[in-house]
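Okay, everyone, thanks for coming. Let me put the sequence and the model up on the screen, and then we'll walk through it.

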Amino acid sequence: MQQYIAPQFEDKPLALELQKRNQMTMSFDRMPFLQLNLILNKNMKQSTVPSSRFDVLVIGGGLAGQTAALNLAETKSVLLVCKKDLITSASSRAQGGISAVFMEPDSHEKHLEDTLIAGDRLNDIEASRFIIENSRQAVDWLIERGVPFTKKDGTYHLTREGGHSERRILHVDDLTGKAVQDTLSAQIQRHPHITVLEHHTAVELLLAEDDARACAGALLIDREGSQKEILADFTVLATGGAGQIFLHATAPCASTGDGIALAWNIGCRVANLEFLQFHPTCMYYPQGEPFLITEAVRGEGGLLRLPNGHRFMPDYDPRAELAPRDIVARAIYTEMKKHGIPAVHLDFSHRPPAFIRDHFPNIYRQCLERGIDITRAPIPVTPASHYTCGGVVTDVHGRTDIARLYCVGEAACTGFHGANRLASNSLLECVVVSQAAAKDILKQPHTTPVRAHVPQTHPLRCLTQQERNAIALAKGELRRLMWDYVGIVRDFASLEAASRRIRLLDEETTQLYARTLPETELIELRNLLTTAKLVVRCAQSRQESRGCHFNLDCPHTNPDPVPTILTPTQPCVETRHSSQELQCC
Ligand SMILES: Cc1cc2nc3c(=O)[nH]c(=O)nc-3n(C[C@H](O)[C@H](O)[C@H](O)COP(=O)(O)OP(=O)(O)OC[C@H]3O[C@@H](n4cnc5c(N)ncnc54)[C@H](O)[C@@H]3O)c2cc1C
């Protein structure tokens, strides 16, 4: 197995800084939200560190987190936290649907083979088999919960998407994710054993005092920066992907790789982060939220042109606009770079207006709201990062390298997606692995974790407005440089250039984080930088092109598919405990 060992010096500042940061979390009590006030000094913010205990802390309110919470809540007290509201997630944006082997002539073997082809055979076969074999019961569970999957003639309508050899996608029209999230969120909100904290950010994971490799919960902040320490017997990370490390992303702004960074920081391995799937056509709309233009538009005759009208896809592939997703994305990216343009045009205006309005009512309406009548004018489009195939190394029960810490959904890497994800397999993985994680947790003996504690030695101050502006600029700079140097087409020189720049930004951010009270924007920047660093390391260590990783310096594919696994050599876990300052509150 290919293994990349992170150099020690790179992880040390983060470890030290987290050790200092840890000092802020003063105490806890077994009573819910006991208020403990820490007065720093009169120029500094009064920091309140309320503390409480739950059986399970679920970090993330997308499909993975919601599935885990609902499967645990019958017998456990669950706290579910999310950075935005319960509805804002990549899960809510899923349009196509969820794959499942539902009826003959489909079979598990066919679904497995399609998944392996899409994943360029880098997939973990046992994990893939487990997830596929559980697909039917996963959708049955969603149906029992009340998800109104679209029916035709009294039976569930199954669509077929690119890469699937059979019809196996259950959907709710073209708004599957929203329907699933709406259904589950309503049940979460009225469940007597589930407490929901919206607009709260997990800042870092807490370690148990009695076990250097066990998780004891997490430190949270709310929108005002007030801190809460949550102690939990088990913690489930369900924080989604890292799409926002790139300038263009289809995922929501909360997708900043937080779970990947938090888990890495306490000693979890991560894998396959070089495999970031890009969707070829996202509307270019710098004034606001971009949105995805489905591939069906090209299927129905949409043509890709440069702003001067030249149709460029025939120059790249005989199938032109109908070439596979990664070829189209690479072609658009190459043209944008060659001509220094922010977008190309997807032209549909040669089709009859009534046809466009009938077939693509949602796209027609969304574009019109953004000032473009697609019956007359082309849509400016750019590729955008769409799915993080890699993540925190887990098994199919969501178990990580740290005891009592689970990771599920897009933040995790079970090996199911290999080097590229098959459409509609990610919602499936969210449900199956979260259910399995919940089952695993329910089997474990009850524990009462006591969190490792380091006494505070120096006070922290609030961020200044100037520093907040600098954070926003640094975020933009990182996303731009990842897009330019680590985007759809890579080479070793650009990866090295990215690595150098990320290191500089990381040093500045680490210093700032060590001095100031946490705020979500700063936490996100820190996590984006950590994840970006890990993506670059994974990409640098792969000496081939495979799946959605394309390196101009080695365009070939090696005969043996090998995952990339990064192991933190100096996880904070060790630094905290070697400090000899640990105390139980
Ligand atoms: C536009 C679009 C269309 C898609 N279409 C499909 C499709 O048709 N079929 C399919 O299978 N897949 C699809 N996908 C992929 C799929 O939606 C995602 O992979 C999946 O929903 C991820 O679910 P999740 O629960 O892991 O993460 P998410 O749904 O992204 O949820 C993450 C949650 O974690 C919270 N969070 C993040 N960081 C923190 C933190 N530090 N503290 C607290 N909370 C935090 C967020 O607020 C959010 O609640 C699509 C993705 C996109 C973007």
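So, to start: in strand 19, which residue is the bridge partner of L346? It's I379. Before going on, the caveats. This is a predicted model, where local features need pLDDT of at least 70, side-chain atom pairs count only at pLDDT 80 or more, and totals for chains, interfaces and linings use all residues. Residues are numbered from 1 along each chain as its sequence is written.

Back to strand 19, residues 379-388. Helices (H or I, at least four residues) and strands (E, at least two) are DSSP runs, numbered from the N terminus. Strands pair, by the way, if DSSP finds at least two bridges between them. Strand 18, residues 344-347, runs antiparallel to strand 19 over 3 bridges. Strand 16, residues 276-283, is also antiparallel to strand 19, with 6 bridges, and there M283 sits opposite V381. Of the 10 residues in strand 19, 9 are buried. Buried means 20 or more other C-beta atoms within 10 Å of the residue's own; exposed is 12 or fewer, partly exposed is in between, and C-beta atoms are placed from the backbone.

Now strand 11, residues 194-197, where the side chains alternate. I194 and V196 point to one face and are buried, while T195 and L197 point to the other and aren't. Strand 5, residues 78-81, runs parallel to strand 11, joined by 4 bridges, and V81 is opposite L197.

Next, the core. The largest nonpolar core (buried Ala, Val, Leu, Ile, Met, Phe, Trp, Tyr and Cys joined through C-beta atoms within 7 Å) has 155 residues, and V58, V236, L237, V392 and V408 touch the most other members. Helix 16, residues 520-541, gives the largest share, 11 residues. Domain 1 (42-279 + 384-468 + 567-585) and domain 2 (293-383) both contribute, so the core lies between them. Those bounds come from an automatic or database domain assignment.

Last, the ligand. What classes make up the shell around it? There are 17 nonpolar, 20 polar and 5 charged residues. Ala, Val, Leu, Ile, Met, Phe, Trp, Tyr, Cys and Pro count as nonpolar, Asp, Glu, Lys and Arg as charged, and the others, Gly among them, as polar. Of the 42 residues around the ligand (C-beta, placed from the backbone, within 6 Å), G60, G62, G96, G240 and G409 come nearest. Helix 13, residues 425-443, supplies the largest share of that shell, 4 residues.
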